[in-house]
Amino acid sequence: AEPVKLESLDYEVANDDVSNLVQCHARRQRRVRQGILLWHRVLVHPKVNATLEKRPFERFELWKLRLVHTSQPQQRGFTVQEKKLVRQPNRAEAHVNLSAIFRSLGNLDEAVEQCESALDLQPNSVSALNNLGLALCDLGQHATAATFLKKALQAEPDNPVTVHNLGVTLHACGALADSEQYLSQALELRPDWPEATRSLGNLYRETGRLAEAAALYHTAVERHPDDFRILGNLGLVQLNLNQPHDAIATYQKAIALAPAHSGLRTSLGIAQLLVGDFPNGWLNYEARWEHDGSGPSKRTFPIPRWDGGPLANGSGRPSRLLVHAEQGYGDTLHFCRYIPMLAAEDIPVVFECQAPLVDLMASLRDVDARLDLTVVARDTPLPKTTAHIPLLSLPGHFETRLETIPADVPYLNCL
């Protein structure tokens with residue numbers, strides 16, 4: 001990325017136009033990876049400092065831009081000190097803006113505190129009540145959040161953002177009928193709003209009203225063909241309706257719009273597996289570990305992910321492979337059938353699984369006498385291993401096709 005040179009900002013400063021300085025920084029910040037360096041260079045510039053002392057709002061805006069584009073460790077290092085510099089005790093809007101910043105950074109306690117400070121100054125601030133409700137939702141306090149959102153709605157009954165936020169919050173509370181009422185109202189107030197459309201569609205899908213969800217999403221796709229989130233939601237409903245071929249076409253359109261979205265590629269992989277496209281299905285299903293918030297949390301180990309090649313530890317002893325269960329009991333019971341296949345590759349295996357399944361999984365040794373297997377419970381100390389692989393990645397390693405799915409049963413013995 002091209003760094004911003006301080007000299008390129010001097011013209012605005014020399015002309016005492018700090019607003020232009022803020023706008024210039026805002027225009028460029030998308031291309032700048034060294035935001036913190038730029039900020040410190042600007043902050044020590046005497047012309048900037050002298051002007052910002054007289055312009056607290058612009059000082060706040062510059063601080064906000066710098067904070068958003070700084071790493072988490074750096075944020076912790078300067079937040080308290082610089083918050084004192086930009087805090088404006090009698091300006092509720094500043095606290096509201098700070099709450100939004102802290103929420104976007106995941107600092108939810110600070111976001112709540114800023115909202116409360118804003119409400120002390122302006123008790124009926126719709127923005128503060130909304131932001132407080134959102135931060136409390138992120139903290140899992142949905143019932144309390146609903147209370148503040150209802151208060152915001154009393155102040156502005158036709159505010160579509162508040163109506164929508166309350167609908168989503170009530171959905172999380174399990175008040176499905178009330179949630180549907182508010183989400184429908186949000187769409188009446190703003191008919192072309194993709195976010196409200198997705199929220200109402202999610203409610204339909206989760207309550208089993210799949211045809212209604214599909215119809216809603218199809219209409220939304222016609223209005224917003226470039227919204228990959230709506231396409232992704234439509235693809236999920238199509239999977240729920242057992243329409244994997246349609247889902248594949250939908251996910252491919254979504255991925256063309258958001259190629260790096262791992263959740264879309266994972267879902268495409270599932271759809272491809274359902275129609276028997278195993279080569280592409282296993283490949284795309286691996287995207288579940290390219291974490292962007294939409295998939296399972298990726299576990300970290302002090303050993304590399306197994307690439308399918310020979311294992312070597314340099315000690316002359318056989319290297320052991322860690323296979324770890326990654327999802328629910330059903331997936332472990334189903335996919336553990338692949339573990340004995342590792343015996344043909346002369347690979348000793350440590351299998352980490354859910355504690356109640358340890359004894360049952362030990363019976364996998366009976367499938368192939370060559371299998372060197374140690375079974376351990378999750379969240380217990382692991383034996384020394386050389387590499388690891390998630391259990392549901394084994395079918396891809398073995399290049400499984402429909403006709404090569406391990407079908408020798410029983411492969412488990414509870415006796």
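A salt bridge here is a side-chain nitrogen of Lys or Arg within 4 Å of a carboxyl oxygen of Asp or Glu. By that rule, this predicted model has 11 salt bridges, and a few of them get their own close-up below.

**Figure 1. The whole chain, before we zoom in.** The chain has 415 residues, and 47% of them count as buried. Its secondary structure comes to 21 helices and 4 strands. About 21,400 Å² of the chain is exposed, and carbon and sulfur atoms supply 51% of that area. Now take the contacts between residues with a separation of 6 or more: 62% of them involve residues 24 or more positions apart. Keep that in mind while looking at the pairs that follow.

**Figure 2. Arginine 198 meets aspartate 227.** These two side chains form a salt bridge, with 3.3 Å from N to O. Arginine 198 sits in helix H13 (residues 194–206), while aspartate 227 is in the loop between helix H14 (210–223) and helix H15 (228–240). The partners are 29 residues apart, so the pair links distant parts of the chain. Are the two residues buried or exposed? Arginine 198 is buried because its relative accessible area is 16%, and aspartate 227 is buried too, at 13%.

**Figure 3. Glutamate 290 and arginine 265 tie a loop to a helix.** Here the N to O distance in the salt bridge is 2.8 Å. Glutamate 290 lies in the loop between helix H18 (278–285) and strand S1 (321–324), and arginine 265 lies in helix H17 (residues 262–274), so the pair ties together parts that are 25 residues apart in sequence. The two ends of this bridge fall into separate accessibility classes: glutamate 290 is partly exposed at 39%, whereas arginine 265 counts as buried at 18%.

**Figure 4. Arginine 299 reaches a strand.** Arginine 299 makes a salt bridge with glutamate 352, and their closest N and O atoms are 2.5 Å apart. Arginine 299 belongs to the loop between H18 and S1, and glutamate 352 to strand S2 (residues 349–353), so this bridge ties together parts that are 53 residues apart in sequence. Arginine 299 counts as partly exposed, with 33% relative accessibility. Glutamate 352 has a relative accessible area of 1%, so it is buried. In another group, Glu286, Arg288, Arg305 and Glu326 are joined into one network by salt bridges that share partners.

**Figure 5. Leucine 321 and its many neighbours.** Leucine 321 is found in strand S1. How accessible is leucine 321? Its relative accessibility is 0%, so it counts as buried. Leaving aside neighbours within four places in sequence, leucine 321 is in contact with a long list of residues, including Trp306, Leu311, Leu342, Ile347, Val350, Thr385, Ala387 and His388. For one of these, valine 350, the C-alpha atom is 6.0 Å from that of leucine 321, although the two residues are 29 residues apart along the chain.

**Figure 6. Histidine 388, seen from its own strand.** Histidine 388 has its place in strand S4 (residues 387–390). Is histidine 388 buried or exposed? It counts as buried, because its relative accessibility is 9%. Not counting residues up to four places away in sequence, histidine 388 touches Phe301, Ile303, Pro304, Arg305, Trp306, Leu321, Leu322 and His324. Leucine 321 from the previous view is back again, as one of these contacts.

**Figure 7. Proline 310, out in a loop.** Proline 310 is in the loop between H18 and S1. With 84% relative accessibility, proline 310 counts as exposed. Which residue can we pair with proline 310 in this view? Try isoleucine 347: the C-alpha atoms of the two are separated by 8.8 Å, and the residues are 37 residues apart along the chain.

**Figure 8. Two kinds of surface patch.** Which residues make the nonpolar patch? Ile270, Leu274 and Val275 do, and the patch covers about 230 Å² of the surface. Leucine 274 is in helix H17, and at 54% relative accessibility this leucine counts as exposed. The other patch carries negative charge: Asp109, Glu113, Glu116 and Asp120 gather there on the surface. Aspartate 109 is found in helix H8 (residues 108–121). Why does aspartate 109 count as exposed? Its relative accessibility is 58%, and the exposed class starts over 50%.

Definitions and conventions: Residues numbered from 1 in each chain as written. Predicted model: local features only at pLDDT ≥ 70, side-chain atom pairs only at ≥ 80, totals over all residues. Heavy atoms only, no water. Patch = residues over 30% accessible without salt bridge, like charges linked within 9 Å, V, L, I, M, F, W, Y side chains within 5 Å. Areas by Shrake-Rupley, 256 points an atom, 1.4 Å probe, with all protein chains shown as cover. Lys, Arg positive; Asp, Glu negative; His and termini not counted. Charge placed at Lys NZ, Arg CZ, Asp CG, Glu CD. Helix = DSSP H or I, 4+ residues; strand = E, 2+ residues; numbered from the N terminus. Buried < 20%, exposed > 50% of the residue type's maximum accessible area, 1.4 Å probe, protein only. Contact = heavy atoms within 4.5 Å.
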